[in-house]
Amino acid sequence: MYKRILAYLLFILVAVLIGSCSDVLSPANENINELEDMYNDASYAEGILANAYNLLPSNGWTFTDVATDNAVTNDNNAALRQMATGQWTADNYPLNQWQNSRAAIQYLNIFLANADQVQWADDDATKELFNNRLKGEAYGLRALFTYHLLRNHSGWTGGNQSGELLGIPIILEPQDKDSDFQTPRDTFEASMEQIYSDIESAGDLLPLDYGNVGSPGQLPDGFGSTNDDLGRFNRVFGDDGKQRMSGRIALAVKAKAALLAASPAYTAGTTTSWEDAANYAGELLQLNGGITGIAPEGDNWYNATDMASIGSGANPPEMIWRTNIGQSNALESQHFPPTLFGNGRINPTQSLVDAFPMANGYPIDHPNSNYDPTNPYQNRVALLNEYILVNGGTAGVNSTTIITAADGNTNDALNQVSTSTRTGYYMKKLLRQDVNLDPTSTNNQLHYNPRIRYTEIYLAYAEAANEAWGPNGTGSFGFSAYDVIEAIRARQGVDQPDQYMQNDITSTADMRELIRSVRRIELAFENFRFWDLRRWNMDLTVPADGVSIVNGNFNRVTVEPREYQPYMQFGPIPFDEVLKFGLEQNYGW
């Protein structure tokens with residue numbers, strides 16, 4: 001299928017991504033299918049949509065935490081390490097999504113412009129259902145790619161978030177070699193409105209979820225009542241659609257985008273309010289049972305229990321959308337400590353470790369915490385040892401004790417070899433501890449990557465609801481920011497009742513600080529902290545720190561600076577795109 005459409009799609013995308021002269025954009029006619037060929041070839045037509053799926057930016061782990069106060073990497077050549085230490089420029093942007101996401105939108109625009117003419121099925125009823133569903137997917141995907149463009153590339157035209165907040169050029173029709181490529185950037189507000197419009201279109205056309213129906217009597221209203229109707233419904237909306245864009249996923253995209261827009265760094269340039277963001281997240285969470293829908297094992301979704309429950313595209317309770325599942329040990333090979341035959345790449349900071357509360361729920365610097373700086377990992381919340389490998393912690397298939405102290409005598413110790421920790425800690429989250437990398441007995445285990453987790457949406461709701469209605473306000477949903485955070489902290493292992501929340505969380509400001517701390521912990525290493533610091537207008541220059549343990553003494557050390565300028569609150573438009581297409585650049589770049 002892809003070979004058949006490749007030449008045509010390259011022809012179109014060269015115009016978008018390169019903008020070169022017309023004779024370069026004229027492939028030999030005999031080597032390509034004509035656009036009209038898709039009308040009688042549903043596989044050809046769907047292949048155009050499939051290429052947009054292939055460009056989804058969450059297919060792998062980015063680990064942007066290593067460019068924040070959450071972590072560092074021991075890879076000297078890592079692009080994110082270089083970016084965080086002073087080498088970030090408009091033509092050196094490791095998180096660039098401009099060409100990728102605009103290419104995906106071009107595929108989607110081609111698809112949407114031609115889908116109505118495709119013979120999706122022999123009978124008109126099935127043809128219409130397929131056409132509507134696939135167009136719904138395209139609208140939802142276009143909203144998602146627009147969100148990624150806004151998060152990575154929107155920005156103000158003046159310093160100190162002044163001037164105009166710009167988004168992307170809104171292009172809703174396919175571009176070819178005759179198109180005008182000098183389309184200016186639209187405002188952030190207009191770009192957000194386009195996201196909302198595309199989500200509404202997607203919701204009108206998509207099922208909430210995909211899945212086979214067992215009998216005609218179970219068909220939704222309007223889909224008939226015969227066995228033929230049952231077959232048609234399952235063919236279009238059945239199990240084969242799982243992990244494709246659905247109504248539920250589209251609602252999650254809307255909630256993600258609204259949280260971004262309502263945040264302090266963007267709010268002056270948009271009409272999206274905290275109440276809007278809370279409502280959009282709440283509408284989705286109501287479909288998940290509200291507060292009762294928080295998955296008990298949602299904070300360790302990557303372990304064997306949830307893996308065993310997945311089959312035929314199904315999701316465990318924590319997942320809204322995920323990648324395919326497969327056998328691998330690549331993640332462990334990169335991130336296990338050296339004595340477990342790994343490269344120890346991600347090293348959490350002391351600052352991140354300090355963010356994990358005590359088991360009694362109090363922050364470690366609170367008078368009631370009972371924190372002991374000479375025994376800093378004692379009586380901490382259980383999630384600390386699940387997410388971070390501390391000195392004396394255990395890891396791997398044999399529960400090997402890992403010594404990270406600077407005076408340790410193994411390669412796991414601080415700064416011993418190139419694969420040792422630089423901070424005194426190793427990342428443990430995301431890694432299957434039943435993977436064995438010993439060359440004499442290596443094995444693989446099941447893995448997948450989350451695209452959107454429910455915990456992300458619960459935390460989005462808590463953040464927005466607190467700002468809109470206060471810690472205990474519920475809007476129309478029956479549960480508050482307080483309820484969400486209390487439930488998530490209980491899942492983390494905080495003793496119940498939660499004395500800290502009962503005694504100390506009495507205002508919107510108190511709850512804001514707690515939500516940000518909980519979010520930092522829950523979503524660590526999943527590509528959130530880098531963007532959260534920016535949308536919150538937080539200090540980007542807090543150095544990455546660690547701990548040097550010598551003779552049982554714990555000494556905080558600075559490991560790596562964070563050399564960001566104030567204008568780096570927002571990412572740039574790629575330099576070559578500005579030159580080629582006359583785009584206005586974000587301030588400072």
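A residue is called buried here when its relative accessible area is under 20%. The model described in this report is predicted. By that cut-off R491 is buried, because its relative accessible area is 14%.

**Salt bridges**

R491 forms a salt bridge with E318, and the closest N and O atoms of the two are 3.9 Å apart. R491 belongs to helix 15 (residues 481–492), whereas E318 is in the loop between helix 10 (304–308) and strand 4 (319–322); the pair therefore ties together parts that are 173 residues apart in sequence. E318 counts as buried as well, with a relative accessibility of 2%. R491 and E318 also take part in a network of salt bridges that links them with D299, K429, R453, E522 and E526.

The whole structure holds 31 salt bridges. Three of them, including the pair just described, are set out below with the N-to-O distance of each.

| Salt bridge | Closest N and O atoms |
|---|---|
| K135 and D116 | 2.9 Å |
| R491 and E318 | 3.9 Å |
| E463 and R535 | 2.8 Å |

The bridge between K135 and D116 joins helix 5 to the loop between helix 4 (98–114) and helix 5, and its two residues are 19 residues apart. K135 is buried at a relative accessible area of 14%, while D116 is partly exposed at 48%.

In the bridge between E463 and R535, E463 lies in helix 14 (residues 454–469) and R535 in helix 18 (residues 529–535), so this pair ties together parts that are 72 residues apart in sequence. E463 counts as buried at 5% relative accessibility, and R535 is buried with a relative accessible area of 4%.

**Nonpolar cores**

In soluble globular proteins, nonpolar side chains tend to be buried together. In this model the largest nonpolar core has 107 residues, and L141, W321, I457, I485 and M511 are those with the most contacts inside it. Helix 5 (residues 124–153) contributes the most to this core, with 12 residues. Apart from its neighbours within four places in sequence, L141 is in contact with L49, Y53, L56, L108, M245 and W321. A second, separate core of 56 residues has I346, L389, Y426 and L540 among its members.

**Helix 6**

Helix 6 (residues 188–205) has 18 residues, which at 1.5 Å a residue should span 26 Å; because its end C-alpha atoms are 26 Å apart, the model agrees with that expectation. The buried residues of helix 6 are F188, E189, S191, M192, Q194, I195, Y196, D198, I199 and A202. Among the elements that cover these buried residues are helix 5, strand 3 (162–166), helix 8 (247–262) and helix 9 (274–286).

**Aromatic pairs and charges over rings**

The count of aromatic pairs comes to 27. In one of them, Y377 and F554 meet edge-to-face, with 6.0 Å from centre to centre and 80° between the planes. This pair links distant parts of the chain: Y377 is in the loop between helix 12 (350–355) and helix 13 (383–387), F554 is in strand 14 (residues 553–560), and they are 177 residues apart. Y377 is buried, with a relative accessible area of 14%, whereas F554 is partly exposed, with 29%.

One aromatic cluster is formed by W88, Y93, F530, W531, Y564, Y567 and W589. Y564 of this cluster also has the charged end of R534 over its ring, 4.8 Å from the centre. In another such arrangement, R322 lies over the face of Y448, at 5.6 Å from the ring centre.

**Backbone features**

A cis peptide bond, with omega of about 0°, joins Q496 and P497. P497 is placed in the loop between helix 15 and helix 16 (499–504).

N160 is not a glycine, yet its phi is positive, about 55°. N160 lies in the loop between strand 2 (155–158) and strand 3, and it counts as exposed at 83% relative accessibility. F341, again a residue other than glycine, has a positive phi near 70°. The loop between helix 11 (330–335) and strand 6 (346–348) contains F341, which counts as partly exposed at 44% relative accessibility.

Note on methods: Residues are numbered from 1 along each chain as its sequence is written. Side-chain values use heavy atoms; hydrogens and water are left out. A nonpolar core is a set of buried Ala, Val, Leu, Ile, Met, Phe, Trp, Tyr and Cys residues joined through side-chain atoms within 4.5 Å. Buried means under 20% relative accessible area, exposed over 50%, partly exposed in between (1.4 Å probe, protein chains only). Helices (H or I, at least four residues) and strands (E, at least two) are DSSP runs, numbered from the N terminus. Contact means heavy atoms within 4.5 Å. The expected span of a helix is 1.5 Å times one less than its number of residues. Rings of Phe, Tyr and Trp (its six-membered ring) pair if their centres lie within 6.5 Å; planes under 30 degrees apart count as stacked, over 60 as edge-to-face and the rest as tilted. A charge sits over a ring if NZ of Lys or CZ of Arg is within 6 Å of the ring centre and within 35 degrees of the ring normal. A salt bridge is a side-chain nitrogen of Lys or Arg within 4 Å of a carboxyl oxygen of Asp or Glu.
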